[in-house]
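Q: Could you take a close look at one helix for me and go through its charged side chains? I'd like to know what pairs with what, and how that part sits in the rest of the chain.

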Amino acid sequence: MGHMIAYRAVPSRWGAVKKRVARQIRTPASILGLYGWSGRTIERHRREIRDHLGFRECSVPDADKLTDWLAVNVAHAVRQSGASA
């Protein structure tokens, strides 16, 4: 769900994301704007989704590992191609 919150910051993307999620959960997209994006309810929903999918919350060592991987695999490739990030 963290990605959902990030997409809300970019209105042009939020509309498409909202429509897709609405189709998946079979509810009108207009209702998603009423969802509480902070608080105990969303925390519980996130936990239920993680449990259902077999994921866990990202830890600091996980983030460090991801940062290292991105630095080696993505930043290096971007530098090699001469493209901007």
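A: Sure, and let's start with the whole chain before zooming in. Of its 85 residues, 9% count as buried. Keep in mind that this is a predicted model. The chain has 5 helices and 0 strands, so reading along the sequence you get the pattern α-α-α-α-α. About 7,100 Å² of the chain is exposed, with carbon and sulfur atoms supplying 57% of that area. As for contacts between residues at least 6 apart in sequence, 20% of them join residues at least 24 apart.

Now for the helix I'd pick, α4, which covers residues 40–53. Its length checks out nicely: at 1.5 Å a residue, the 14 residues of α4 should span 20 Å, and the end C-alpha atoms are indeed 20 Å apart. Just past the helix comes G54, with a positive phi near 80°.

On to the charges. Side chains of opposite charge can pair when their charged atoms come close. Counting a side-chain nitrogen of Lys or Arg within 4 Å of a carboxyl oxygen of Asp or Glu as a salt bridge, the total comes to 4 salt bridges. Let's walk through three pairs, beginning with R46.

R46 lies in helix α4 and forms a salt bridge with E43, their closest N and O atoms being 3.2 Å apart. The two side chains also make a polar contact, again at 3.2 Å. Both residues belong to α4 and are 3 residues apart, about one turn of the helix. That spacing is worth a thought: an α-helix has 3.6 residues a turn, so residues three or four places apart point the same way. The two partners are covered to different degrees, if you go by the cut-offs of under 20% for buried and over 50% for exposed. R46 has a relative accessible area of 17%, so R46 is buried. E43 has a relative accessible area of 43%, so E43 is partly exposed.

The next pair is E48 with R44. Their salt bridge has its closest N and O atoms 3.3 Å apart. Here too both residues sit in helix α4, this time 4 residues apart, which is about one turn of the helix. E48 is partly exposed, having a relative accessible area of 43%, and R44 is also partly exposed, at 37% relative accessibility.

Then there is R50, which forms a salt bridge with E57; the closest N and O atoms are 3.7 Å apart. R50 is partly exposed, because its relative accessible area of 21% falls between the two cut-offs. E57, on the other hand, counts as exposed at 58% relative accessibility.

For context, here are two spots elsewhere in the chain. One is a nonpolar surface patch of about 370 Å², made by L66, W69, L70 and V74. W69 is found in helix α5, residues 60–81, and counts as partly exposed at 48% relative accessibility.

The other spot is R26, found in the loop between α2 (11–24) and α3 (29–32). R26 has a positive phi, near 55°, even though R26 is not a glycine. Most residues other than glycine have a negative phi. R26 counts as exposed, with 79% relative accessibility.

Back to your helix, then: if you want to trace the pairs in the structure, go from R46 to E43, then from E48 to R44, and finish with R50 and E57.

Notes. Residues numbered from 1 in each chain as written. Predicted model: local features only at pLDDT ≥ 70, side-chain atom pairs only at ≥ 80, totals over all residues. Heavy atoms only, no water. Helix = DSSP H or I, 4+ residues; strand = E, 2+ residues; numbered from the N terminus. Buried < 20%, exposed > 50% of the residue type's maximum accessible area, 1.4 Å probe, protein only. Patch = residues over 30% accessible without salt bridge, like charges linked within 9 Å, V, L, I, M, F, W, Y side chains within 5 Å. Areas by Shrake-Rupley, 256 points an atom, 1.4 Å probe, with all protein chains shown as cover. Expected span 1.5 Å × (residues − 1). Contact = heavy atoms within 4.5 Å. Polar contact = N/O pair within 3.5 Å; in protein donor to acceptor, adjacent residues only side chain to side chain.
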